[in-house]
Amino acid sequence: MNPYSYDVQALERKARAIRRHIVRLNANSPAGGHTGADLSQVELITALYFRILNVAPDRIADDQRDIYIQSKGHAVGCYYCVLAEAGFFPVDWLETYQHANSHLPGHPVRQKTPGIELNTGALGHGLPVAVGLALAAKKSNSARRIFLITGDGELTEGSNWEAALAAAHYGLDNLVIINDKNNLQLAGPTHEIMNTDPLADKWKAFGMRVTECRGNDMASVVATLEGLKQEGKPNVIIANTTKGAGISFIQGRPEWHHRVPKGEEIALALEELKDE
């Protein structure tokens, strides 16, 4: 079971704290960061670690734990902030993000960071591994579930769709694929760079059970995650998010894909993120 089981209001407060961490973490990084991508997924990962996942800092080697994979590995900043808040490592480690000899490199590395399950960064690798883990769990009669977050731009990688075929073929209803559909990738709108719509129809054609949620609305995220069913099909959640969500001058702007707050932007962002 989840060690926190926060209600929606507590999750919203935690998400706001995590956004403050993201601002400071990226601003302090000597190698930049992916601020927009970090911010779009805050509600999703917060809800997973503080309500949904059967995992805890003292059970990171439990062979019955749920597994989360950050497939969009460039957005590891948010993931680190959630893991720190959840007690997997000290919060002050966040100050070392991408510094020399840090436990927190620019992409997830299992060998460096407590709580990381898979080294990711090359997009399109997370889902194939998740399918393997879900199949292994099925074959060993484990109750564990495998969750992962992909970016919508990431879905242009063909390896995702090969993995989807296998997931449906083997009836991996213990697999939960969350699409962070923030509609921006790298330098512009996803529909202009490589259109993946109609996304729900594509997943359904591959044999998935598909639901959608407002991915930056905590109540919608929680209701969707808790409404998942294990009925012989893999679950796909299309989380409709805004890149850079939560900070007015960042959200919806493609230039913040690989940009970090500087100077007065830091203070402005933190002012917007004060507890209400």
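## Salt bridges, a sheet and a buried helix

E271 and K274 form a salt bridge, with the closest N and O atoms 2.9 Å apart. A salt bridge here is a side-chain nitrogen of Lys or Arg within 4 Å of a carboxyl oxygen of Asp or Glu. Before going on, please note that this is a predicted model, in which local features need pLDDT of at least 70, side-chain atom pairs count only at pLDDT 80 or more, and totals for chains, interfaces and linings use all residues. Residues are numbered from 1 along each chain as its sequence is written, and side-chain values use heavy atoms, with hydrogens and water left out.

### Charged partners

Side chains of opposite charge can pair when their charged atoms come close. A search of the whole structure finds 14 salt bridges. Three of them are set out here, including the one we began with.

| Salt bridge | N to O distance |
|---|---|
| E271 and K274 | 2.9 Å |
| E265 and R259 | 2.4 Å |
| K14 and E85 | 2.7 Å |

How covered are these side chains? Buried means under 20% relative accessible area, exposed means over 50%, and partly exposed lies in between (1.4 Å probe, protein chains only). E271 is partly exposed at 47%, and K274 is partly exposed at 47%. E265 is buried at 17%, whereas R259 is partly exposed at 29%. K14 is buried at 15%, while E85 is partly exposed at 22%. The K14 and E85 pair links distant parts of the chain: K14 sits in helix α1 and E85 in helix α4, 71 residues apart. Elsewhere, R65, R110 and E117 are linked in a network of salt bridges.

### Helix α4 and its surroundings

Helices (H or I, at least four residues) and strands (E, at least two) are DSSP runs, numbered from the N terminus. Helix α4 covers residues 76-85, and 9 of its 10 residues are buried. Among the buried ones are Y79, Y80 and C81. What do the buried residues of α4 pack against? They pack against α1, α2 (35-40), α3 and β1. After α4 comes G87, with a positive phi near 90°.

H21 lies in helix α1 (residues 8-27) and is buried, at 15%. Leaving aside neighbours within four places in sequence, H21 is in contact (heavy atoms within 4.5 Å) with C81, E85, V91 and L94.

### Aromatic rings

Rings of Phe, Tyr and Trp (its six-membered ring) pair if their centres lie within 6.5 Å; planes under 30 degrees apart count as stacked, over 60 as edge-to-face and the rest as tilted. The whole structure holds 12 aromatic pairs. One of them joins Y49 and Y68 edge-to-face, at 5.8 Å centre to centre and 80° between the planes. Y49 belongs to helix α3 (residues 42-52) and Y68 to strand β1 (residues 67-70), 19 residues apart. Y49 is buried at 4%, and Y68 is buried at 1%. Y49, Y68, Y79 and F88 form one aromatic cluster.

### The sheet

Strand β1 also belongs to an open sheet of 5 strands, in the order β1-β2-β3-β7-β6, with parallel pairing. Two strands pair if DSSP finds at least two bridges between them. The edge strands are β1 and β6 (209-214), each pairing on one side only. From β1, I67 and I69 point one way and Y68 and Q70 the other, and all are buried. There are 4 bridges joining β1 to β2, where Q70 has I149 as its bridge partner. At the other edge, 6 bridges join β6 to β7 (residues 235-240), and C213 has A239 in β7 as its bridge partner.
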